[in-house]
Amino acid sequence: MPEPMPSDADDDIPTEGIGLCLSGGGYRAMVFHVGALWRLYQANLLAELERVSSVSGGSITAAQLALAWPNLSFDPAQIDDDFVPRVVAPIRRMAGVTIDAWSIGGGLLLPGSISDFVAGSFRKHLFGDATLQDLPDRPRFVINATNLQSGVLWRFSKPYMRDYRVGEVKNPTVPVATAVAASSAFPPFLSPSILKLDPADFTPGSGDDLQREPFTSRVYLTDGGVYDNLGLETVWKNYQTVFASDGGGQLMAEAKPKTDWVRQSNRVLEIVDNQVRSLRKRQLIGSFKSNLRDGTYWGIRTDIEDYGLEQNGLEPPLPAPFERTLALAEIPTRLRRLSDELQEQLINWGYAVCDAALRRHVDQELPRGAFPYESVGI
């Protein structure tokens, strides 16, 4: 049986319900997840979610979905009338704008931090003045960042934001753009994002050991993927059924690692990120194999043939040659503009691999889907 996660009680018993995890991975993951959401919508599964947990690039997609949620019909026949204009189109507009390089330049040369400039871009292009109180009550959307002070997750949600060591603030009014910027504050360049809070807003006695200043007045946050790149913890320990969409990257071999401090530090961060993702993925897959959890995993680096659909008497997967999907997986983890063609290929790939995962492990009666952008393919 997989080991419990830090802060889990040994007797945690998950409740019935479906939780969806959206990983980090910059714009690459943001757009890849759109394809997965498209397939979940068509399969009548999106409306069944009880929780959506996200980090980094996945948090951009999750937050847009959350704000659109009240206006979605969840009728597959109406997908072009509500999901596409309210979720797909805004995310694609965002993917057409480079914000990381501009934010770094602004943060170095102008008043305000780099994270402030990232949040400003999210506010301008996607979320406007929406706050966490504009998120729906169900499903609960949890936007995860990592607290650099306590070393654990900081969770933004509508009912509360919290860190189990520092404590919780109920009904927070933090802007959605700020929460997403903190969740996607990839170190070292986009990090940290600093929250300035009133210690009196914390629920008394809600923190384990750090509910005191300065931990409750200035919170230093970095990318949620530093702690949990799949956004898995808040779903895995609460729900019996877990869907995980992984648009994260993979550590590439480096024959001659750089020895200067800056580039060596970046390489070390990549190794840590890769290890965190590998451990979380191993725990999730282990929980499926041991029947500890139900659900399925799909990843941007998955070989779609590994689902063995035809061997199990199912329709073959949508055509997704492994060499082409690997090329999409190699798109850098940046908040940098993607061409329309790359966006459509990423959406198609997220759709196709989600389709295969659902038909193999969730509902073998589910008819095979069709690419959202048929003429582009993968």
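## Overall architecture

Helices and strands are here runs assigned by DSSP, H or I over at least four residues for a helix and E over at least two for a strand, and they are numbered from the N terminus. On that basis the protein chain of this predicted model comes to 11 helices and 10 strands. Its radius of gyration is 20 Å, close to the 21 Å that the globule rule gives for 378 residues, so the chain is as compact as a globular protein of that length. Along the principal axes, the C-alpha trace spans about 60 × 45 × 45 Å.

Of the 378 residues, 56% count as buried, and the accessible surface of the chain comes to about 16,000 Å², with 51% of that area belonging to carbon and sulfur atoms. Among contacts in the chain with a separation of 6 or more, 76% are accounted for by residues 24 or more positions apart.

## Helix 11

Helix 11 runs over residues 340-361, and its 22 residues reach 32 Å from the first C-alpha to the last, which is close to the 32 Å expected at 1.5 Å a residue. Because 17 of these 22 residues are buried, helix 11 is largely enclosed by the rest of the structure.

Within helix 11, Arg-359 and Asp-355 lie 4 residues apart, about one turn of the helix. An α-helix has 3.6 residues a turn, so residues three or four places apart point the same way. The two side chains form a salt bridge in which the closest N and O atoms are 3.0 Å apart, and both Arg-359 and Asp-355 are buried.

## Salt bridges across the chain

Side chains of opposite charge can pair when their charged atoms come close. The structure holds 13 salt bridges, including one between the side chains of Arg-39 and Asp-355, with an N to O distance of 2.8 Å. Arg-39 lies in helix 1 (residues 26-42) and Asp-355 in helix 11, so this pair ties together parts that are 316 residues apart in sequence. Both Arg-39 and Asp-355 are buried. Asp-355 thus has a salt-bridge partner in helix 1, namely Arg-39, as well as a partner in Arg-359, with which it shares helix 11.

Another salt bridge joins Asp-228 to Arg-280, the closest N and O atoms being 3.6 Å apart. Since Asp-228 lies in helix 7 (residues 225-228) and Arg-280 in helix 9 (residues 261-289), the pair ties together parts that are 52 residues apart in sequence. Asp-228 and Arg-280 are both buried, and together with Arg-155 and Glu-233 they are linked in a network of salt bridges.

## Cysteines

The structure holds 0 disulfides. For Cys-21, the closest cysteine sulfur is that of Cys-354, at 13 Å, which is too far for a bond, given that a disulfide is taken as a pair of cysteine sulfur atoms within 2.5 Å. Seen from the other side, Cys-354 is likewise in no disulfide, the nearest cysteine sulfur being that of Cys-21, 13 Å away.

Where the surroundings of these residues are concerned, Cys-21 counts as buried at 1% relative accessibility, and Cys-354 is buried as well, with a relative accessible area of 0%.

## Cis peptide bonds and positive phi angles

A cis peptide bond joins Ser-191 and Pro-192, with omega at about 0 degrees, and Pro-192 has its place in the loop between helix 6 (176-183) and strand 7 (193-196). Another cis peptide bond joins Glu-213 and Pro-214, with omega at about 5 degrees; Pro-214 is found in the loop between strand 7 and strand 8 (218-223).

Although Ser-56 is not a glycine, its phi is positive, at about 50 degrees. This serine is placed in the loop between strand 2 (49-55) and helix 2 (57-68), and its relative accessible area of 7% makes it buried. Asn-171, which is not a glycine either, also has a positive phi of about 50 degrees, and Asn-171 lies in the loop between strand 6 (167-170) and helix 6.

Notes:
Residues are numbered from 1 along each chain as its sequence is written. This is a predicted model: local features need pLDDT of at least 70, side-chain atom pairs count only at pLDDT 80 or more; totals for chains, interfaces and linings use all residues. Side-chain values use heavy atoms; hydrogens and water are left out. The expected span of a helix is 1.5 Å times one less than its number of residues. Buried means under 20% relative accessible area, exposed over 50%, partly exposed in between (1.4 Å probe, protein chains only). A salt bridge is a side-chain nitrogen of Lys or Arg within 4 Å of a carboxyl oxygen of Asp or Glu. The radius of gyration is taken over C-alpha atoms; the globule rule is 2.2 Å times the number of residues to the power 0.38. Contact means heavy atoms within 4.5 Å. Accessible areas come from the Shrake-Rupley method with a 1.4 Å probe; for residues, only the protein chains shown count as cover.
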